[in-house]
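Biologist: Please choose one part of this model and look at it closely, then work outwards from there into the rest of the chain. I would like the reasoning behind each assignment wherever there is some to give.

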Amino acid sequence: MLPSLGMQGHSSKRPRNTSSPSPATPDGATDHLSSLPDEMAEEILRRLPLDDVVRTSCLAKPWRFRWANCRGLELIAKDPPAAVDFVLTRYACGVSHAHLEESLGKIDGWIRALDAKGIRCLAVCFNPEGALRLPLVPASLFSCSDLTSLLLKHCDIPALPPAFDGFPGLLELELEYVNFGEDGERTFEALIAKSPSLACLSILFPSISSDDDEENYREWKIRAPNLKILRMSAWEDYGWSVDDLPLIEEACVQLEGPELPRILPGLANVWNLSVEITDDTILRRLPYFINFYNAPILEDLHITLLHENEETMEANMKQVLNTVGTVERLFSRLKYFCLDQSIGHTNEMQFMELLMSKATVLQQIEISVRDDSSKSLEVAFDELSQYKKASPQAEVIVNRFVDCNMDQIGDDEEP
């Protein structure tokens, strides 16, 4: 990745030519480089790698340390460490964006320098290849109180310093493959709670160290009252649940443990949801999901099925239908529904039949069928087409589940 200098706005008016004649070089030739307008010179600097930006000081006398006052410097991960050190020492402007990787143990010093320059968007990514444990995030990170965006990847997050007052202006937090140490649930919970302005939270495959041999985690909540977008993926249940999220709009949830019934109720205000669940869960645990499926503004629902067992447990349809019968507005706002990786199991088809009979404004229902499905595309399409539709205009689409060039069967095509 190469560094760049932030783009500045340009006036639509043509500037008057007030520049003096181009200076001459010792041999009498015109020195066009030194006579470039400031805007053009800064544009050149913006397009150069950081080490080349530093070397421009040797071009001509007017270019000596010209970069040091060029606003919008962005430090990118693979800049040479020596160039980063030199720029952070001589650069006179604030640094708004930086993407750093572990390099010669310099990240702690770089973060301190960036904090002094008002860093707002920071990414700290480590390379764990060959390491016995993840590198530890330096404590200096928690002093960067001006942050609006933070990405931490492949690192160990320590307990928060006692003096940590939070990230009051943080709007976006991304945690990818990070580990929280002892009592990590408390650290995890506090990091989110101390970022009250969060609008986008992405948690991808974290881990929490546990002294419990059975890896039991205490219950804790994700509290983010201003959150609009949530992405969660994990291999284990870390005891988390979601507090009321009044502003939530979109969520992508990929969880394999029993925590899903604890997470979904907090997402009742989403209009766009993607969720992964086991194929027997879709109906067998429907009573847990009724409050969610009755969400007042859910418009777009995408479910991906995880097929973990050769035999899928059949749902108790009598119990399910008795529960559903008490719900008057089930799927009342749903417009689009997609079921990914169907194998044509009875539970799957019954769920879609139920959905189609309840969703009064449904516009499209789509199913992608795996190659090992018990139903062909034609059979699945015919079965869906025979179900009673609460929304007569709902289009039925059946795809083959492949990465590309999917065959498609629609209402306007013959299967």
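Modeller: In this predicted model, the crossing of helices α10 and α11 is right-handed. Helix α10 covers residues 346-358 and helix α11 covers residues 377-386, and their axes come within 10 Å of each other while crossing at roughly 35 degrees. On the α10 side the contact is formed by M349, M352 and M356, and these meet A380, E383 and L384 of α11. Sorted by character, the residues of this contact comprise five nonpolar and one charged, with no polar residue among them; the charged one is E383, since Glu is counted as charged.

From this helix pair one can step back along the chain to L334, which sits in the loop between α9 (317-324) and β17. Its contacts, once neighbours within four places in sequence are set aside, include L355, A359, V361 and L362, and L355 falls inside the span of α10. The other contacts of L334 are L298, E299, D300 and L301, of which D300 and L301 belong to the span of strand β16, residues 300-306. L334 therefore touches residues from both β16 and α10, and with a relative accessible area of 0% it counts as buried, because that value is under 20%. The C-alpha atoms of L334 and Q363 are separated by 8.3 Å, although the two residues lie 29 positions apart along the chain.

Strand β17 itself, residues 336-342, contains Q341. This residue has a positive phi of about 65 degrees without being a glycine. That deserves a second look, because most residues other than glycine have a negative phi. Q341 is also buried, because its relative accessible area of 18% lies under the 20% limit. Among the residues in contact with Q341 is T304, which is placed in strand β16. Apart from neighbours within four places in sequence, T304 touches V275, E276, I277 and D340 as well as Q341. T304 is likewise buried, at 14% relative accessibility.

A second positive phi occurs at Y177, again a residue that is not a glycine, where the angle is about 55 degrees. Y177 lies in the loop between β7 (172-176) and β8 (179-180). Whereas Q341 is buried, Y177 is partly exposed, because its relative accessibility of 32% falls between the limits of 20% and 50%.

The loop that precedes β7, running from β6 (156-157), holds P168. P168 is partly exposed, with a relative accessible area of 47%, and its contacts beyond four places in sequence are S145, K194, P196 and S197. The C-alpha atoms of P168 and S195 are 5.4 Å apart, with their positions 27 residues apart along the chain. Elsewhere, H97 in strand β3 (residues 97-101) is partly exposed at 30% relative accessibility, and its C-alpha is 9.2 Å from that of L114, 17 residues away in sequence.

Since you work at the bench, the cysteines may also matter to you. A search of the whole structure finds zero disulfides. For C125 the closest cysteine sulfur is that of C155, at 8.1 Å, and no bond is assigned because a disulfide requires the sulfur atoms to be within 2.5 Å. Both cysteines are buried, C125 with a relative accessible area of 8% and C155 at 0%.

As for the setting of these parts, the chain contains eleven helices and 20 strands, and 45% of its 415 residues are buried. Of the contacts with a separation of 6 or more, 60% join residues 24 or more positions apart. The chain exposes about 21,200 Å², and carbon and sulfur atoms supply 48% of that area.

Technical notes. Residues numbered from 1 in each chain as written. Predicted model: local features only at pLDDT ≥ 70, side-chain atom pairs only at ≥ 80, totals over all residues. Heavy atoms only, no water. Axes fitted to C-alpha atoms, helices over the stretch in contact; angles between N-to-C directions. Helix = DSSP H or I, 4+ residues; strand = E, 2+ residues; numbered from the N terminus. Left-handed = near helix turned anticlockwise from the far one by under 90°. Contact = heavy atoms within 4.5 Å. Buried < 20%, exposed > 50% of the residue type's maximum accessible area, 1.4 Å probe, protein only. Areas by Shrake-Rupley, 256 points an atom, 1.4 Å probe, with all protein chains shown as cover.
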